[in-house]
Amino acid sequence: MIIALVLIGFIFLVGIFFYNSLIGKKNQVTNAFSAIDVMLKKRFDLIPNLVEVVKQYTTYEQGTLTKIVELRAKAGSPNISNAEKADLDAQLSSSVKGLMLNIENYPDLKANTNFINLQTTWTESEEQIAAARRTYNASVTDYNNSIMMFPGSLFAGMLNFQPIAVLETPAEERKNISAKELFNN
C-alpha cells in the first residue's frame, strides 16, 4: 500500500514538473513573438516618415508608396492573427526593399539627410526584427522538442499541447541576388 502511494505521488510530481515546464516554454514562445510585434510596430511607425520624404522627390513610385501605406494599415488592425501579421510583414519588407532599390534612380533623394537617417533606422529595425525572429524560432523549437520527445510527449498528448510553426523565410527572399540584374536596372 505504501509503495503504491509513493508511486502515485511520484507520478503526480513528475506530471506537475512536465506541465509547468511546458507552460513555461509556451509562455516563452508568446514572449518571443511579442518581441517581434514590438519591432514590427517600430518599423511600421517609420513608414509615414519614409513615405513623406520619398514623395517629395519622386513621382514615379506612387503605386509602391500606396501599397506600402495599405499594408501598414492592414498590419495595424487589431484582429489579425500572428500568421497574417507574418504574411503582411513579408509583403511589406518586399515592397520597401523594392522601393529602396529604386531610390538609386533619385540622386537628390539619396543625398537627403532625412532620408539617410530614415534608411539607417530602417536597416537597424530590420536587423532587430531578424534577431527577434531567431529568438522566436529558438523558443518554438525548444517548445516543440519538449512536446514531441519522450517522456514529454506523453504529458503533452494528455494535456493537448500542439506544435507551433516556426517563422520561415518566403521563397522569393531565398533566391540568390543577381548583381548583374541590380546594376542593369
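## A tour from Arg-43 to helix α2

Start by selecting Arg-43 and Ser-93: their side chains are joined by a polar contact of 3.0 Å. Keep in mind that you're looking at a predicted model.

Stay on Arg-43 and add Glu-126 to the selection. Here the two side chains make another polar contact, this one at 2.4 Å.

Now show the helix around your starting point. Arg-43 belongs to helix α1, which covers residues 2–57. Is Arg-43 buried or exposed? Turn on a surface and check: with a relative accessible area of 0%, under the 20% cut-off, Arg-43 counts as buried.

To see what surrounds Arg-43, skip its neighbours within four places in sequence and pick out its contacts: Asp-89, Leu-92, Ser-93, Trp-122, Ser-125, Glu-126 and Ile-129. Ser-93 and Glu-126, your two polar partners, are both on that list.

Next stop: helix α2, residues 62–75. Put a distance between its first and last C-alpha and you should get 20 Å for these 14 residues, close to the 20 Å expected at 1.5 Å a residue.

Which residues of α2 are buried? Select Leu-65, Ile-68, Leu-71 and Ala-75. Then swing the view so you look down the axis of α2: these buried residues fall within an arc of 125°, so they line one face of the helix.

What do they pack against? Bring α1 back and add α3 (82–102); the buried residues of α2 pack against both.

Finally, flip to the face of α2 turned away from its buried side, where you'll find the exposed residues Gly-63, Ala-73 and Lys-74.

Note on methods:
Residues numbered from 1 in each chain as written. Predicted model: local features only at pLDDT ≥ 70, side-chain atom pairs only at ≥ 80, totals over all residues. Heavy atoms only, no water. Helix = DSSP H or I, 4+ residues; strand = E, 2+ residues; numbered from the N terminus. Buried < 20%, exposed > 50% of the residue type's maximum accessible area, 1.4 Å probe, protein only. Polar contact = N/O pair within 3.5 Å; in protein donor to acceptor, adjacent residues only side chain to side chain. Contact = heavy atoms within 4.5 Å. Expected span 1.5 Å × (residues − 1). Arc of directions from axis to C-beta.
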